[in-house]
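Biologist: I should be grateful for a close look at a single part of this model, namely the open sheet and what packs on it. Please set it in the context of its surroundings.

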Amino acid sequence: MNKQLQQLITQALSVLVENGVLVSIPDNIRIDHSKDKSQGDFASNIAMVLSKQAKCAPRELAQKIVEQLADATEIEKIEIAGPGFINFFMSQGSNNQVLEDILSQGAEFGLSTVGNGQRILLEFVSANPTGPLHVGHGRGAAYGATVSNLLRAVGFEVDNEYYVNDAGRQMDILATSVYLRYCEVAVFPDNAYKGDYILDIAKQITNVGKHDIAQGVCKDEKDGGDKEKHIDELIANCKSALGSDYQVIFKLAIDSILSGIKADLADFGIEYQQWFSEQSLVDSGRSEKTVKALQASDHIYEKEGALWFKTTDFGDDLDRVVVRDNGLHTYFASDIAYHLEKFERGYDKIINIWGSDHHGYIARVKASISALGHDPEKLEILLVQFANLYRGGEKVAMSTRSGSFVTLEELRHEVGNDAARFFYVLRKSEQHMDFDLDLAKSKTNENPVFYIQYAHARICSVLAKAQASESVDMTLLDNNYEQALIKQLNRYKNVVQASALNYEPHVLAYYLRDLAGDFHSYYNGCDFLIDDKTLQATRLQLIIATKQVLANGLGLLGVCAPEKM
């Protein structure tokens with residue numbers, strides 16, 4: 001419908017060019033669905049866009065455009081509103097065309113080629129493998145997977161990637177925490193990982209000696225000391241006491257947690273084309289080579305024994321350390337090498353989905369891309385706020401380090417994958433989100449995913465009772481319920497495209513809720529199984545089309561479309 005209207009407007013503008021009113025026609029003519037039904041089905045600001053070129057007031061140009069559309073049978077009425085908006089009221093026959101499109105295209109309805117096969121690398125979740133995924137990670141997982149689905153739906157080629165932070169200090173804290181549980185120490189360090197999963201991993205250790213690695217270590221914070229120095233000295237003693245056995249525990253800890261993360265995400269319906277290891281950057285020498293390349297281009301200087309990257313030359317507020325005074329590379333050094341590796345793979349666009357606490361990290365990463373001779377505009381950073389979990393009206397307190405948190409697996413088992421996937425994308429990613437467990441489990445109209453799935457199941461129930469009839473007359477779909485539903489179906493393709501290009505799956509989620517609402521109103525206001533077989537068959541075609549769009553949209557969100565509830 002939108003494309004059809006664009007063609008009509010383009011033809012009208014072409015006549016105005018021939019008549020000397022306009023010089024040229026823009027490549028993109030913006031047409032929006034009207035939010036207020038009194039303002040028609042579609043609206044365009046084209047007259048305001050071209051008024052300067054036409055050297056006349058927008059309303060005057062709008063009138064000239066409207067005059068060229070007088071014979072368009074697809075349009076029932078046109079109105080000029082405000083400063084020069086053109087509102088289009090489409091004919092019933094034109095609106096009804098969408099039903100034929102849906103029924104013929106089926107599962108492919110709503111797909112497009114606007115992405116033109118451009119290749120995108122989408123990295124999301126990438127949580128440190130120091131513990132199981134919790135409900136906060138779940139939001140990034142659902143958001144990333146849905147954005148990937150949407151981008152593929154509009155013609156992009158997308159590879160999903162998980163960056164595994166399997167190198168560095170946090171991994172050493174993890175391994176040391178596991179060893180301390182294995183040794184059954186009475187007093188556990190403040191800065192160690194304390195969840196029950198640490199004890200579960202420790203139980204898998206065999207044939208490793210138990211040593212007192214706390215001997216000679218400085219005091220912990222609870223004893224008036226420095227918790228950071230305390231854990232670092234424990235790590236050093238652990239490595240020294242265990243020798244080669246340290247790597248055995250290190251590998252056991254990471255493999256155990258990472259396998260759990262992979263299984264959890266797979267059960268959540270999320271697939272990755274690649275799991276990229278941070279350690280591989282160290283083992284291959286890429287991290288060191290990247291630092292040397294920055295040194296060679298005079299982007300790094302030495303101060304107090306450490307190497308600093310001059311990120312302030314690229315708009316960052318401070319320069320950043322890439323190699324510490326002890327010779328160890330920072331996380332930032334690994335991230336620079338990782339992003340260089342990403343760019344060298346030849347993708348058209350690279351998208352990172354990060355937690356909102358990484359906002360300050362964006363400038364320095366883009367600085368490294370510029371310094372290494374690549375276009376930082378090819379990298380887009382999408383930020384996701386963590387989710388707050390509520391049960392019985394009370395906020396659930398969570399802390400990963402202390403081990404007090406609700407895992408994604410626990411959430412999925414409690415509310416189900418469908419509710420989790422849908423609720424996670426029901427808000428803009430950068431907005432705070434309160435996840436109401438009680439609402440997600442309820443079987444009421446207040447629960448949006450239940451409301452939408454129930455619409456699909458209701459249609460299946462009607463169709464199961466109906467007798468087949470070949471006689472259909474789309475002109476019979478003329479009551480307010482039917483026209484509202486048809487106009488809503490006409491919006492679907494534009495909603496999918498907008499949701500994809502703007503990385504806003506919540507727009508599709510809200511659309512499906514509106515579509516379900518229009519269907520439920522139709523269901524309550526009209527009968528489907530009636531004596532007039534032609535009218536019955538026609539109404540069934542309408543709800544079959546509605547069922548298809550509900551299924552298509554839910555599929556993009558990673559939510560199933562049940563036939564019974």
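Modeller: The account below begins with the sheet and then turns to a loop and to the nonpolar core. The model is a predicted one. Five strands make up the open sheet, arranged in the order 7-6-5-11-12 with parallel pairing. At its edges lie strand 7 (274–277) and strand 12 (379–384), each of which pairs on one side only. From one strand to the next, the twist averages 25°.

Within this sheet, strand 5 (residues 119–123) and strand 6 (residues 157–164) run parallel and are joined by five bridges. Ile120 stands opposite Val158 of strand 6. Helix 9 (residues 244–267) packs on the sheet, where it touches strand 6 and strand 7. The direction of helix 9 makes about 155° with that of strand 7.

A loop may be considered next. Thr330 belongs to the loop that lies between strand 10 (320–323) and helix 12 (331–344). Its relative accessible area is 8%, and Thr330 is therefore buried, the cut-off being under 20%. Leaving aside residues up to four places away in sequence, Thr330 touches Val321, Val322, Val323 and Arg324.

The nonpolar core completes the picture. The largest such core has 119 residues. Those with the most contacts inside it are Tyr162, Tyr179, Leu411, Tyr424, Phe435, Leu489 and Leu508. For Leu489, again without residues up to four places away in sequence, the contacts include Val98, Leu99, Ile102 and Phe109. Leu489 also touches Tyr511, Leu515, Leu542, Ala545, Thr546 and Val549.

Key:
Residues are numbered from 1 along each chain as its sequence is written. This is a predicted model: local features need pLDDT of at least 70, side-chain atom pairs count only at pLDDT 80 or more; totals for chains, interfaces and linings use all residues. Side-chain values use heavy atoms; hydrogens and water are left out. A nonpolar core is a set of buried Ala, Val, Leu, Ile, Met, Phe, Trp, Tyr and Cys residues joined through side-chain atoms within 4.5 Å. Buried means under 20% relative accessible area, exposed over 50%, partly exposed in between (1.4 Å probe, protein chains only). Contact means heavy atoms within 4.5 Å. Helices (H or I, at least four residues) and strands (E, at least two) are DSSP runs, numbered from the N terminus. Two strands pair if DSSP finds at least two bridges between them. Axes are lines fitted to C-alpha atoms, for helices over the stretch in contact, and angles run from 0 to 180 degrees between N-to-C directions.
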